[in-house]
Amino acid sequence: IASASSNTQLRAIADEVEYKLSQAGFEPHHIEGEKSEWYCLDYVGCVVHILLKQQRGFYQIERLWEDGEILDTAKLLED
């Protein structure tokens, strides 16, 4: 779950996540919200949510995932 300050930053984060995971051999099963304020990249075993700050505060999706495993994204995105 990540936040962005603008639609431009939202798209840039989503693009970078897709790019880095693709380099590591992972392709998304499904992507939602490509023209909205909330991206959901579904990699089956891992779901990436990227929201504008106000959307993240409104939906509070952290509570839906509070039992989920926290991953060290730095390790996932290393070159």
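**Exercise 1.** Work out why strand β4 is largely enclosed by the rest of the structure.

*Solution.* Start with the strand itself: β4 covers residues 47-52, where helices (H or I, at least four residues) and strands (E, at least two) are DSSP runs, numbered from the N terminus. Next, check burial: buried means under 20% relative accessible area, exposed over 50%, partly exposed in between (1.4 Å probe, protein chains only). In β4, 5 of the 6 residues are buried, so the strand is largely enclosed by the rest of the structure.

A quick note on the source: this is a predicted model, where local features need pLDDT of at least 70, side-chain atom pairs count only at pLDDT 80 or more, and totals for chains, interfaces and linings use all residues. Residues are numbered from 1 along each chain as its sequence is written, and side-chain values use heavy atoms, leaving out hydrogens and water.

**Exercise 2.** Find which strands pair with β4, and in what sense.

*Solution.* Two strands pair if DSSP finds at least two bridges between them. Take β1 (residues 2-4): this strand runs parallel to β4, with 3 bridges, and Ala2 sits opposite Ile50. Now take β3 (residues 38-42): it's antiparallel to β4, with 5 bridges, and Leu41 faces Val48. Finally, look at the link: β3 and β4 make a hairpin with 4 residues in between, and Val44 in the turn has a positive phi of about 65 degrees.

**Exercise 3.** Decide why Cys40 and Cys46 aren't bonded through their sulfurs.

*Solution.* A disulfide is a pair of cysteine sulfur atoms within 2.5 Å. The closest cysteine sulfur to that of Cys40 is in Cys46, 10 Å away, so that's too far for a bond. The disulfide count is therefore 0. As for accessibility, Cys40 is buried at 18%, while Cys46 is partly exposed at 29%.
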